[in-house]
Amino acid sequence: MTGRGCACAARTGGGGGRGKMAASAQGPAAPLSAEQAKVVLGEVLKAFGAPENAQRMEEARDNACNDMGKMLQFLLPVATQIQQDVIKAYGFSSDGEGVLKFARLIKSYEAQDPEIASMSGKLKAMFLPPMTLPPHGAGTGGVAAS
């Protein structure tokens, strides 16, 4: 039993088990320079453009119907897996934790590198619905209509 799921937090200590890919055993995961991060981010974007991944994302988007809750249920797992498949080759763990570490690394470079910021925006746009904020004070005071 490998425990694929959201039990990552429960496994942060201990160190026992199978698998040589334990992130804590190798020190910090994949400290990449801004240039290296840009290359990996480019490969992630390219992976989303691959026909089979584009089709998987489109099916997930169709299932989500632009509903944020359904986006989390259908689209985010597909997007996470596509990223995992790329970033594991660069020393990130091939689980949700690896994707989070990669996202934090990219975020840390966004302010200093406009190209990384632009690429990151493109990546986010692939799996987050467009967010339009209503005018302040309009609507039902935050209560959902349906």
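These legends go with a few close-up views of a predicted model.

**View 1. Asn53 and what surrounds it in helix 2.**
Start with Asn53, which sits in the helix that runs over residues 51-64. With a relative accessible area of 12%, Asn53 is under the 20% cut-off and therefore counts as buried. Its side chain still has a polar partner: the side chain of Arg56, 3.1 Å away. Look past the neighbours up to four places away in sequence, and Asn53 also touches Ala47, Phe48 and Ile82.

**View 2. A salt bridge within helix 1, Glu35 to Lys38.**
Now for the charged pairs, of which the structure holds six that count as salt bridges. Here the side chains of Glu35 and Lys38 meet, N to O, at 3.3 Å. Both residues belong to helix 1, residues 34-49, and they are three residues apart, or about one turn of the helix. Lys38 has a relative accessibility of just 14%, so this lysine goes down as buried.

**View 3. Lys38 again, this time with Glu115.**
Keep Lys38 in the frame and bring in Glu115: their side chains form another salt bridge, at 3.2 Å from N to O. This one ties together distant parts of the chain, since Glu115 is in helix 5 (residues 114-127), Lys38 is in helix 1, and 77 residues separate them. How buried or exposed is Glu115? At 45% relative accessible area, Glu115 is partly exposed, whereas its partner Lys38 is buried.

**View 4. Helix 5 meets helix 4 through Lys124 and Glu110.**
Lys124 and Glu110 make a salt bridge too, and their closest N and O atoms are 3.5 Å apart. Lys124 comes from helix 5 and Glu110 from helix 4 (residues 96-110), so the pair links distant parts of the chain, with the two positions 14 residues apart in numbering. On the lysine side, Lys124 is partly exposed at 34%. On the glutamate side, Glu110 has 15% relative accessibility and counts as buried.

**View 5. The salt-bridge network around Glu35, Lys38, Asp113 and Glu115.**
Pull back a little to take in four residues at once: Glu35, Lys38, Asp113 and Glu115 are joined into one network by salt bridges that share partners. Lys38 is one such shared partner, as it pairs with Glu35 and with Glu115.

Methods:
Residues numbered from 1 in each chain as written. Predicted model: local features only at pLDDT ≥ 70, side-chain atom pairs only at ≥ 80, totals over all residues. Heavy atoms only, no water. Helix = DSSP H or I, 4+ residues; strand = E, 2+ residues; numbered from the N terminus. Buried < 20%, exposed > 50% of the residue type's maximum accessible area, 1.4 Å probe, protein only. Polar contact = N/O pair within 3.5 Å; in protein donor to acceptor, adjacent residues only side chain to side chain. Contact = heavy atoms within 4.5 Å.
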